[in-house]
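New to this one? Take a look at the model below, and then we'll walk through it piece by piece.

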Amino acid sequence: STYHSSASWCDGCQKNMSSAEYSYHCPKRGTSNAHPSGYDYCFQCAVDKYRLQRKDKLSAELDIIVHSKHNLIDNNNVSKIMLSLQSLQCKQLELMQAIHHMMTTHNDSNDADEVKQDASAQQKWNHLGKLQMSQSVLHENINALQSMQGVQKSMVPLTTTLLSKHCALMSDWKQWTQQDVIHWFITVDNGEYKQYAAQFRQWVAKENVKGSGLQWVDGDALIRCGVMDIEKRNKLLLSLKTLLSQTVTNDDQTAVFMSTDGQYAQPEGQ
């Protein structure tokens, strides 16, 4: 809430908050023995405290994103969450494949030799076993399975749209600002060149490097940025070459990465 009458003090970062700023305060204000005079947080400190207290990091970051506080989103946290979700999806796929294999093995086989060679497994996993698997796993979790199927169907068009938007933004590199250029150098190739972040910032500012100037970046420029490792330098130049070769084509308002020869672009070395 806001204090309309007077400014307040953040007990987190010790800064004065204006009457127009949102602040978060203890609901036991004036009655708590721990802080009888009240306890207030500015918005940033409240978000930091929220992140710290929530064990479920995914929900914490999701709440911040959903409430459109873009300047408070921790990109590193989101990246870690995406990797975790990817791992969970792979495990989910493995589980479903294993259940499918169990439900279709042995009794469904027409190969008599295979049945003979695997007689013990055939005896262990009979029709009753499949029925029990179906009742205990599939039937009891039918709602979860249907929900997962619905979520996956919704994810496909949304993921396609997000990737298309990403492609359009990346392909519009000539319009990039200095900050865009710095961000690309720091995050390209999974952040392999983060260690040169300070040098990239100084170089971009000193030489006024914007998107339209990326076409003139060469090995000498990267040396001036401190990228002395020849292997890293050449790998970065290849990534830059891939970026500069991209153009946007609009087909049914869907932007896709395409190289100058009209083929779908692939990262160098793939």
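## A charged pair across the chain

Let's start with E192, which is partly exposed, with a relative accessible area of 26%. Bear in mind as you look around that this is a predicted model. Which residue does E192 form a salt bridge with? That would be K235, and the closest N and O atoms of the two are 2.9 Å apart. E192 sits in the loop between helix 8 (178-191) and helix 9 (197-207), while K235 belongs to helix 11 (residues 230-244), so the pair ties together parts that are 43 residues apart in sequence. Like its partner, K235 is partly exposed, and its relative accessible area comes to 40%.

## The other salt bridge

Searching the whole structure turns up 2 salt bridges. Besides the one just described, the side chains of E207 and R224 meet in a salt bridge, at 2.8 Å from N to O. Here again distant parts of the chain are linked: E207 is in helix 9 and R224 in helix 10 (residues 219-224), 17 residues apart. E207 is partly exposed, at a relative accessible area of 35%.

As a bit of background, side chains of opposite charge can pair when their charged atoms come close.

## Two buried residues in helix 11

Helix 11 is worth another visit, since R233 is found there too. R233 is buried yet has no salt bridge. How far away is the nearest side chain of opposite charge? It belongs to D229 and is 6.8 Å away, and a salt bridge needs the nitrogen and oxygen within 4 Å. If you leave aside neighbours within four places in sequence, R233 is in contact with G219, L222, I223, V227 and M228.

Further along the numbering, S239 also lies in helix 11. Is S239 buried or exposed? With 14% relative accessibility, S239 counts as buried. Not counting residues up to four places away in sequence, S239 touches W184, V188 and D189.

## Cysteines without a bond

What about disulfides? A search of the whole structure finds 0 of them. Take C10 as an example: the closest cysteine sulfur to its own is in C13, at 3.7 Å, and that's too far for a bond, because a disulfide calls for sulfur atoms within 2.5 Å.

C10 is buried, with a relative accessible area of 0%. C167 is buried as well, and its relative accessible area is 12%.

## A nonpolar patch outside

Now for the surface. M82, L85 and L88 form a nonpolar patch there, and together they have about 300 Å² of accessible area. L88 lies in helix 3 (residues 75-104). Why does L88 count as exposed? Its relative accessible area is 51%, and exposed means over 50%.

## Stepping back

So how does the whole thing add up? The protein has 11 helices and 6 strands. Of its 270 residues, 25% are buried. The protein exposes about 19100 Å², with carbon and sulfur atoms supplying 54% of that.

Contacts tell you how the chain comes together. Looking at those with a separation of 6 or more, 45% are between residues 24 or more positions apart.

How values were computed: Residues numbered from 1 in each chain as written. Predicted model: local features only at pLDDT ≥ 70, side-chain atom pairs only at ≥ 80, totals over all residues. Heavy atoms only, no water. Patch = residues over 30% accessible without salt bridge, like charges linked within 9 Å, V, L, I, M, F, W, Y side chains within 5 Å. Areas by Shrake-Rupley, 256 points an atom, 1.4 Å probe, with all protein chains shown as cover. Helix = DSSP H or I, 4+ residues; strand = E, 2+ residues; numbered from the N terminus. Buried < 20%, exposed > 50% of the residue type's maximum accessible area, 1.4 Å probe, protein only. Contact = heavy atoms within 4.5 Å. Lys, Arg positive; Asp, Glu negative; His and termini not counted.
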